[in-house]
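Colleague: Before I use this model, I should like to understand how its descriptions were reached. May I ask for the reasoning behind each term?

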Amino acid sequence: MAFTKQRSQEHFLRAQKSIPGGVNSPARAFGAVGGSPVVIDRAEGPWLFDIDGNRYIDYIGSWGPHILGHRHPAVIDAIHAALAKGTSFGAPCELETQLAELIIEAVPSIERVRMVNSGTEATMSAIRVARGFTGRSVIIKFAGCYHGHVDSLLVKAGSGALTLGIPSSPGIPSGCTADTVVLEYNDQQQLEQTFAARGSEIAAVILEPVVGNMGVVIPTPEFLQALQSQCRQHGSLLIFDEVMTGFRVAYGGAQSLFGIRPDLTTLGKIIGGGMPVGAYGGRADIMNVVSPLGPVYQAGTLSGNPVAMASGIATLSTLKATNPYPQLETLTKSLVNGLSRLATDAGIPHTIPRVGSMFTFFFNPDTVSNLANASKSDTVAFARYFHAMLERGIYLPCSQFEANFVSAAHSQAEVGATLDAAKHAFALTKH
Ligand SMILES: *Cc1c(COP(=O)(O)O)cnc(C)c1O
């Protein structure tokens with residue numbers, strides 16, 4: 001039967017009458033690839049099912065959280081058990097301490113951790129703590145890194161240039177970003193020059209230690225070393241935004257993979273196992289400035305929510321007990337190697353950065369090391385490829401500049417089916 005998304009299209013028209021753009025997060029609207037999104041009915045293991053009855057092999061995993069696949073039995077059981085005891089207490093519960101202990105045990109640099117409800121809240125709070133702790137204002141971020149929709153971090157940069165923060169969204173007064181300096185990722189020299197000029201003003205440097213949000217971009221060892229040494233030398237804090245990479249590229253996150261010890265770390269996505277959870281943590285002496293111990297205020301009505309905590313605990317416990325990381329590495333490698341072979345056969349220039357189970361197929365002949373060269377990718381070819389894959393039952397992230405995720409529920413069978421689809425999709429993509 002031919003692919004149809006008639007019901008999805010009808011529903012999306014209805015959604016647009018009550019929800020801005022028909023979506024509650026903009027990336028879902030297919031704006032970068034055109035056409036209207038498919039509306040999801042349910043999910044299971046490695047699959048998504050839309051309301052027209054189409055089944056897709058899922059490579060977004062809710063944009064990162066579902067490293068165990070959808071509806072993992074341990075996670076679903078834990079959520080049921082928590083629900084039976086209540087949905088929110090507004091008072092301490094044992095589950096939030098259990099999740100905190102699992103995080104501290106896993107992530108080398110985290111000694112204390114505070115739960116919040118999203119990655120955005122985590123980065124916003126970490127920035128506040130860094131400024132409160134150091135008594136300084138300036139934050140360095142990197143072009144192409146996304147840290148949620150925090151006012152002071154929603155800034156892009158002109159390519160290559162050391163750019164003073166200009167807000168990339170209306171509604172953010174220029175004062176909010178006046179203390180945000182945007183540098184090019186992987187540019188060690190620019191970083192050192194900025195510290196030489198303004199070191200005593202810099203509260204913190206925040207980055208994705210493996211970037212997922214301009215597509216996957218891998219840091220060089222020299223860049224990571226420079227970050228650590230410049231921050232130490234100038235008394236600035238190093239913040240690893242591991243909302244995406246935490247428990248994804250390794251159980252202990254990118255910092256365990258690279259042997260770097262950031263002062264603060266932000267988490268989200270996987271630690272909620274599909275429920276809304278974020279967290280920020282780090283050195284005890286820094287985290288002790290957080291209210292009620294210290295003067296830096298941060299709070300949340302639903303923070304440490306028992307149902308969300310239960311989902312996170314079950315997810316991390318399962319990851320710890322089953323250690324799916326070697327298998328994810330092997331499977332994702334075979335997928336990426338297969339895609340590369342097929343693309344080469346089809347004469348499509350490409351590069352596929354990958355760390356563990358996250359990767360991006362860039363329609364770009366060159367190495368992608370920062371936003372400037374990521375931006376040179378062929379987004380028209382990507383859009384054609386995306387739709388050709390969707391029609392063949394493969395659900396990819398709907399933009400060239402996003403990470404693909406493989407889950408522990410994926411197997412060689414799904415990889416094989418994906419490569420079959422890609423063979424046809426690449427043939428269509430070229431013309
Ligand atoms: C997803 C993401 C965020 C924002 O998290 P939300 O839960 O969407 O607010 C922040 N930082 C990084 C690196 C992310 O990938």
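**The surroundings of the ligand**

Modeller: The ligand is surrounded by Ser118, Gly119, Thr120, Tyr146, His147, Gly148, Glu208, Asn213, Asp241, Val243, Met244 and Lys269. Please keep in mind that this is a predicted model.

Colleague: What makes a residue count as one that surrounds the ligand?

Modeller: One of its heavy atoms must lie within 4 Å of the ligand. By class, this shell comprises three nonpolar, six polar and three charged residues.

Colleague: How do you know that Thr120 makes a polar contact with the ligand?

Modeller: The cut-off for a pair of N or O atoms is 3.5 Å. A polar side-chain atom of Thr120 lies 2.6 Å from an oxygen atom of the ligand, and therefore the pair qualifies as a polar contact. For Gly119, a backbone N or O atom is found 2.8 Å from a ligand oxygen atom. In the side chain of Asp241, an N or O atom is 2.7 Å from a nitrogen atom of the ligand. The protein buries 82% of the 380 Å² that the ligand exposes when taken alone.

**Pocket and cavities**

Colleague: Why is one space called a pocket and another a cavity?

Modeller: A cavity is a set of points where a 1.4 Å probe fits but cannot get out, whereas a pocket is an open set. The second largest pocket holds about 330 Å³ of space. Among its 19 lining residues, Ala91, Pro92, Glu96, Ser303 and Gly304 are the closest to its centre. Helix α3 (94-106) and strand β4 (112-116) each supply at least two residues of this lining. The lining of the second largest pocket has nine nonpolar, eight polar and two charged residues.

Colleague: How many cavities of 30 Å³ or more does the structure hold?

Modeller: There are three cavities of 30 Å³ or more. The largest cavity has a volume of about 110 Å³. It is lined by 16 residues, of which Phe359, Phe361, Tyr385, Leu396 and Asn404 are the closest to its centre.

Colleague: Which helix gives the most to the lining of the largest cavity?

Modeller: That is α13, with three residues. Both α11 (325-345) and α13 (379-391) supply at least two residues each. The lining of the largest cavity divides into ten nonpolar residues, five polar and one charged.

Colleague: What lines the second largest cavity?

Modeller: The second largest cavity, with about 50 Å³ of space, has a lining that includes Gly45, Pro46, Asp58, Arg248 and His410. Three residues of this lining are nonpolar, seven are polar and two are charged.

**Strands and sheets**

Colleague: How do you know that β1 and β2 pair?

Modeller: At least two bridges are required between two strands. Strand β1 (residues 40-44) and strand β2 (residues 47-50) are joined by four bridges in the antiparallel sense, and therefore they count as paired. Ala43 has Leu48 as its bridge partner in β2, while Glu44 has Trp47. The two strands form a hairpin with two residues between them, and Gly45 in the turn has a positive phi of about 55 degrees.

Colleague: Which are the edge strands of the sheet with the order β1-β2-β3-β16?

Modeller: In this open sheet of four strands, where the pairing is mixed, the edge strands are β1 and β16 (394-395), each of which pairs on one side only.

Colleague: What makes β14 and β17 edge strands?

Modeller: They belong to an open sheet of three strands in the order β14-β15-β17, with antiparallel pairing. Each of β14 (354-355) and β17 (404-405) has a single partner strand, so one side of each is left without a neighbour in the sheet. Two bridges join β14 to β15 (residues 358-359), and because the requirement is at least two, this pair qualifies as well. The bridge partner of Val355 in β15 is Met358.

**Backbone details in loops**

Colleague: Where does Pro292 lie, and what is the form of the peptide bond from Ser291 to Pro292?

Modeller: Pro292 lies in the loop between α9 (284-287) and α10 (306-322). The peptide bond that leads to it from Ser291 is cis, with omega near 10 degrees.

Colleague: What is the phi of Ser62?

Modeller: Phi of Ser62 is near 60 degrees, a positive value in a residue other than glycine. Ser62 lies in the loop between β3 (55-58) and α2 (73-83).

Conventions: Residues are numbered from 1 along each chain as its sequence is written. This is a predicted model: local features need pLDDT of at least 70, side-chain atom pairs count only at pLDDT 80 or more; totals for chains, interfaces and linings use all residues. Side-chain values use heavy atoms; hydrogens and water are left out. A polar contact is a pair of N or O atoms within 3.5 Å; within protein, one must be able to donate a hydrogen and the other to accept it, and residues adjacent in sequence count only if both atoms are side-chain atoms. Accessible areas come from the Shrake-Rupley method with a 1.4 Å probe; for residues, only the protein chains shown count as cover. Ala, Val, Leu, Ile, Met, Phe, Trp, Tyr, Cys and Pro count as nonpolar, Asp, Glu, Lys and Arg as charged, and the others, Gly among them, as polar. On a 1 Å grid over the protein atoms alone, a cavity is a set of points where a 1.4 Å probe fits but cannot get out, and a pocket is an open set with protein on both sides within 12 Å along at least five of seven lines; lining residues have an atom within 4 Å of a point. Grid points are joined across faces, edges and corners, and a volume is the space filled by probe spheres set on the points.
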